[in-house]
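Thanks for coming. I will go through one structure element by element, so please have the sequence and the model in view.

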Amino acid sequence: FPSHDIQRMIAKEKLGFSFADISEFNQLLVCDSVRGADSTGVFGVDKLGNADYLKQRGDPFLLINSPEYKEFSNSIFQKYKFTIGHNRKATIGAVSDETAHPFQEGNIVLVHNGTLHNHKELTDEEVLVDSHAITHAISARGYKEALKELQGAFTLVWYDAEDKCLRFVRNDQRPLHIIESNSLYVLSSEAALAEWIIGRELVAKEKLKTTVVKSGVVYSINLDD
């Protein structure tokens with residue numbers, strides 16, 4: 001059963017994202033709210049490795065129409081190399097600005113799709129939701145150790161400012177696909193939705209390539225690659 005979803009865009013071009021890419025990202029964020037509209041969040045990583053994020057309770061239109069999002073959207077154009085959006089359907093924890101994704105602890109900024117059964121065992125810190133507990137665990141012990149401890153369903157996407165890497169992983173309880181165009185990699189739980197949105201903006205004769213992210217494999221993309 002859908003509990004949250006994540007839309008992620010990774011620029012293939014050295015200049016970053018175009019205006020068309022910004023439009024696609026906004027459309028993905030809006031259309032993906034069918035999987036969860038309790039809260040909405042975004043984060044972007046610029047060419048120097050700095051991460052910015054916004055999040056708030058409510059559907060994507062509330063966030064997109066805010067003054068803060070206008071500044072964020074302007075930064076997508078030729079500034080960010082990674083842009084991640086999250087739509088939350090609450091499963092653990094109340095609906096609030098605080099429980100919206102992403103979560104940031106230390107060098108880690110993270111979003112999560114799924115529900116864990118053991119999140120209270122992941123950290124000694126007081127947290128309201130399982131996704132925040134995962135962020136604490138990765139920040140404190142590193143992802144290799146933290147992932148071994150997760151019990152439940154998950155797709156995770158996080159950025160580590162220390163080594164400037166964006167990473168993503170899923171287990172067999174959550175789907176994830178990579179949709180590739182000439183200028184972008186787009187990650188989405190729902191391949192057909194992402195293909196539809198990206199396909200609306202494609203130039204003539206350009207074809208999309210869709211692959212399934214392998215379960216249990218950590219994918220890593222360095223900002224400088």
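How far does helix α4 reach from its first C-alpha to its last? This is a predicted model, so what follows rests on computed values. Helix α4 covers residues 130-141, twelve residues, and reaches 16 Å between those two atoms. That is close to the 16 Å expected at 1.5 Å a residue.

Is α4 enclosed or exposed? Nine of its twelve residues are buried, so α4 is largely enclosed by the rest of the structure. The cut-off used here is that buried means under 20% relative accessible area. The buried residues of α4 are D130, S131, H132, A133, I134, T135, H136, A137 and I138. What covers them includes three strands, β5 at 103-105, β6 at 108-113 and β7 at 155-160, as well as helix α5 at 143-149. α4 lies across β5, β6 and β7, and runs at about 140° to β6. After α4 comes G142, with a positive phi near 85°.

Now the sheet that those strands belong to. Five strands form an open sheet in the order β5-β6-β7-β8-β12, and the pairing is antiparallel. Which strands are at the edges? They are β5 and β12, the latter at 219-222, and each of them pairs on one side only. From one strand to the next, the twist averages 20°. Looking at the β5 edge, β5 and β6 run antiparallel and are joined by three bridges. In that pair, F103 stands opposite L110 of β6.

Just before β5 there is a peptide bond to point out. Most peptide bonds are trans. The bond from H101 to P102 is cis, with omega near 10°. P102 sits in the loop between β4 and β5.

Another backbone detail is in the loop between β7 and β8, where K164 lies. Its phi is near 55°, which is positive although K164 is not a glycine. Most residues other than glycine have a negative phi. K164 counts as partly exposed because its relative accessibility is 29%.

Next, strands β2, β3 and β4. β2 takes in residues 39-46 and β3 residues 51-57, and the two pair in the antiparallel sense over seven bridges. Four residues lie between the strands of this hairpin, and G49 there takes a positive phi near 95°. β2 is also joined to β4, by eight bridges, and these two strands run antiparallel as well. Which residues does V42 stand opposite? In β3 the residue is L54, and in β4 it is G85. As for burial, nine of the nine residues of β4, residues 80-88, are buried, so β4 is largely enclosed by the rest of the structure.

On to a pair of helices. At what angle do α1 and α3 pack? Helix α1, residues 19-31, and helix α3, residues 67-76, pack at about 130°, and their axes are 9 Å apart. The two helices are therefore oblique to each other. On the α1 side the contact is made by I22, F25, N26 and L29, and on the α3 side by Y69, F72, S73 and I76. By class, that contact has six nonpolar residues, two polar ones and no charged ones. There is a simple reason for the spacing one looks for in such a list: an α-helix has 3.6 residues a turn, so residues three or four places apart point the same way.

Two loop residues remain. D172 is in the loop between β8, at 165-170, and β9, at 177-180. Is D172 buried or exposed? It counts as exposed, because its relative accessibility is 64%. D172 and K214 are 42 residues apart in sequence, and their C-alpha atoms are 8.6 Å apart in space.

L208 is in the loop between α6, at 191-201, and β11, at 209-212. With a relative accessible area of 28%, L208 is partly exposed. Leaving out residues up to four places away in sequence, L208 touches I179, E180, S181, E195, I198, G199 and L202. To return to the helix I began with, A140 is 68 residues from L208 along the chain, and 38 Å separates their C-alpha atoms.

That is the end of the tour.

How values were computed
Residues numbered from 1 in each chain as written. Predicted model: local features only at pLDDT ≥ 70, side-chain atom pairs only at ≥ 80, totals over all residues. Heavy atoms only, no water. Axes fitted to C-alpha atoms, helices over the stretch in contact; angles between N-to-C directions. Parallel < 35°, antiparallel > 145°, perpendicular 65-115°, else oblique. Contact = heavy atoms within 4.5 Å. Nonpolar A, V, L, I, M, F, W, Y, C, P; charged D, E, K, R; others polar. Expected span 1.5 Å × (residues − 1). Buried < 20%, exposed > 50% of the residue type's maximum accessible area, 1.4 Å probe, protein only. Pairing = 2+ DSSP bridges.
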